[in-house]
Every structure is written in C-alpha cells, then in structure tokens.
Amino acid sequence: MATSVDRKLKIVRTREELRDALGSAPRPVGLVPTMGWLHPGHVSLVERARADSATVVVSIFVNPRQFGQREDFAKYPRNEARDLEACEAAGVDIVFSPTVDEVYPPGFDTTVSIGAVGQPLEGAARPGHFEGVATVVAVLFALVGADRAYFGQKDAQQVMVVRRMAIDLALPTDVIACPTVREADGLALSSRNVHLSAAEREAAPILHRALLAARSRWAAGERSAKTLRQVMSDELALEPLAKVEYTSVADGQTLRELARVDGAALLSLAVRFGSTRLIDNEPLP
Ligand code: AMP
C-alpha cells in the first residue's frame, strides 16, 4: 500500500552539493535528465521514476554542447521557478540545476563519440547533437550514480544512443524508455511547442496524423517502406506550413532505412514550422 512521505525538495547547483545531497539518500536512485521548461511529458518520466525509486533526482540543464551553431540554444525556453514548482508537486527529492561551468569545468576536453545508431536521422540532420547529448549524459550518470535513468520515447533515437553508451561504457545506470505524452489533438508535448504561432500550433498535429496514416497502411498489410514514407509525405503535404526535413521507415534496432518492413521498425519524421523544428515517431508493431 502506498504511504505518504513528507518530502522536502532539495535544490543543488554544484557537484559538491549534489554529492552531499546524495550521500544520505536512500537507494534505488532514479534520474530524469531534462533541459527544463517542464511539461506533462517530463512529469510522466518523474512519475515513473517516483514509482520505481526511493530517491528521485531531476536535472535541469540546457546543454550548450547538443545545440548546433545555428540552432536555438539562446532562445531555448527557461523558467526555473516554474520548473521547481512542478518538481515539488511531482514528489522529486533533488533537483540538480547547475551552471555550464559546473558541468564543464575549465579544461573540460572530452567528447563521447557515437556509433552507428547515432548517425542517421537526427544524427545526420544535427551534426554533433548526439555527441553533446552523450557527453552530458555520461557526466550526469557519473555525478548522480543513479540506478536507473528515464528518457522519453518521443526522442527515440536519443534513447537508443544513450542506452548503447551506458552499456558500452559499463555505466551503472539502466536506461528506461517511457511513452510519448501528447496533447488531445495528438501533438507530442515539447518545450519547443511554445515557439509555434497560433497558426503553426493548429497545423502541428499533422506530424502525428502522418505517422498514424502510415501505421494504418502498415496495419492493413503494406510492407513497402517506400510506400509508407510516401504515405507520410502525402499527409504532410496537406499542410502548407509544414516544411518536411525527413520521413523515415527504419529498422527498429539499427535505425537503418528499410526497403521492406518485416520486423520491428520505427516510423519517424522531422518537420519545420517557421523556425521551429519538431520531431515525432511511432514504433511498429
Ligand atoms: P528535454 O527537456 O526536451 O531534453 O526532454 C527531457 C526528457 O523528457 C527526454 O528524455 C525527452 O525524451 C522526454 N520528453 C520530452 N517530451 C516528451 C513527451 N512528450 N513525452 C514523454 N517524454 C518526453
């Protein structure tokens, strides 16, 4: 039976404060890495961590190393006060909200190099992105020493890259993937949705509709990956504000583009609305 526990949220900003806070914290420890501007998608990861763990740590860090030169690091939305309220309400024990120098102290000179699973899709569209993600996640895993860390399926390739890294580098943290949380109209929650204009916001559910259109063709027996990609493109073409970057039907393990869908696969796409870039995906089966 669930018991109510009187928890007080600790906010720590330095490596040392984090070490002190974790020193007396009961295990297992669950970590939810975020870039802040928390929404119910993040909260769903915290809830899963809460259910599994004696101590829940949320990191809030907009990681400059995972943004490209022409990307939106400077305008990435930030509101720590609101994020802390959300963490408190969700029963988080420790929030780690460090500065860039605290994560990457002067002299920091190491980057995690990513293998094949990080090369296509987001890896190709955003050179250096996954190296930046893997590097910060390696630092966070080392600092927190969590038993498990929770990531969203919304960033499906990110989960695969991070899981591969954690296994290959023998990091003691298990990577858990959690389902994508969506708005009622199907739009996957994302911190970047805040940048959509009213018209773009109205158009944005086309991503999910395109994925569902391909899924239902697959469910009806279509196995040609080319046809399924075309189904997504045709659906997206109905929306003039949507500028398609890619549509993909890839192997569910390797993320290599498929000719035929015979086993586990990932439908995914990246679409721009003005300067806002959105991604979404749907695993098959
Ligand atoms: P971010 O703050 O965007 O870096 O996201 C932090 C974590 O939340 C990542 O593991 C994301 O995959 C996850 N996440 C973001 N959006 C969603 C969503 N709509 N549903 C579930 N998880 C999400």
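Two strands count as paired if DSSP finds at least two bridges between them. The model used in these exercises is predicted.

**Exercise 1. Place Y246 in its sheet.**

Task: Find which residue stands opposite Y246, and describe the sheet around this pair.

Solution.
Step 1. Y246 faces A270, a residue of β8.
Step 2. Look at the two strands. β7 and β8 (residues 265-273) are joined by nine bridges. They run antiparallel.
Step 3. Add the third strand. The order is β7-β8-β9, the pairing is antiparallel, and the sheet is open.
Step 4. Find the edges. β7 (242-251) and β9 (276-284) each have a single partner strand, so one side of each has no neighbour in the sheet.
Step 5. Check the twist. From one strand to the next, it averages 15 degrees.
Step 6. Add the helix. α10 (residues 225-237) packs on this sheet and touches β7 and β8. The direction of α10 makes about 160 degrees with that of β7.

**Exercise 2. Judge the surroundings of β2.**

Task: Decide whether the two faces of β2 are covered or open, then name the strands that pair with β2.

Solution.
Step 1. Use the cut-off: buried means under 20% relative accessible area.
Step 2. Count. In β2 (residues 29-34), six of the six residues are buried, so the strand is largely enclosed by the rest of the structure.
Step 3. Sort by face. V29, L31 and P33 lie on one side, while G30, V32 and T34 lie on the other. Both faces are covered.
Step 4. Recall the general idea. Strands in a sheet pair through backbone hydrogen bonds, and they may be parallel or antiparallel.
Step 5. Take β3 (residues 55-60). Six bridges tie this strand to β2, and the two run parallel. Within the pair, L31 stands opposite V57.
Step 6. Trace the connection. The chain leaves β2, passes through helix α2 (residues 40-52) and reaches β3. This β-α-β crossover is right-handed.
Step 7. Take β5 (residues 148-152). β5 pairs with β2 over two bridges, in the parallel sense. Here G30 has R148 as its bridge partner.

**Exercise 3. Map the ligand's contacts.**

Task: Name the residues that come nearest to the ligand, and locate three polar contacts.

Solution.
Step 1. Start with the surroundings. There are 17 residues around the ligand, and H42, G152, D155, V181 and L189 come nearest.
Step 2. Apply the cut-off: a polar contact is a pair of N or O atoms within 3.5 Å.
Step 3. Check the ligand's oxygen contacts. One is 2.9 Å from a polar backbone atom of M35. Another contact, also listed at 2.9 Å, reaches an N or O atom in the side chain of H42.
Step 4. Check nitrogen. A nitrogen atom of the ligand lies 2.9 Å from a polar backbone atom of L189.

Definitions and conventions: Residues are numbered from 1 along each chain as its sequence is written. This is a predicted model: local features need pLDDT of at least 70, side-chain atom pairs count only at pLDDT 80 or more; totals for chains, interfaces and linings use all residues. Side-chain values use heavy atoms; hydrogens and water are left out. Helices (H or I, at least four residues) and strands (E, at least two) are DSSP runs, numbered from the N terminus. Axes are lines fitted to C-alpha atoms, for helices over the stretch in contact, and angles run from 0 to 180 degrees between N-to-C directions. Contact means heavy atoms within 4.5 Å. Buried means under 20% relative accessible area, exposed over 50%, partly exposed in between (1.4 Å probe, protein chains only). A crossover is right-handed if, with the strands pointing away from the viewer, the path from the first strand over the helix to the second runs clockwise. A residue is near a molecule or strand if one of its heavy atoms lies within 4 Å of it. A polar contact is a pair of N or O atoms within 3.5 Å; within protein, one must be able to donate a hydrogen and the other to accept it, and residues adjacent in sequence count only if both atoms are side-chain atoms.
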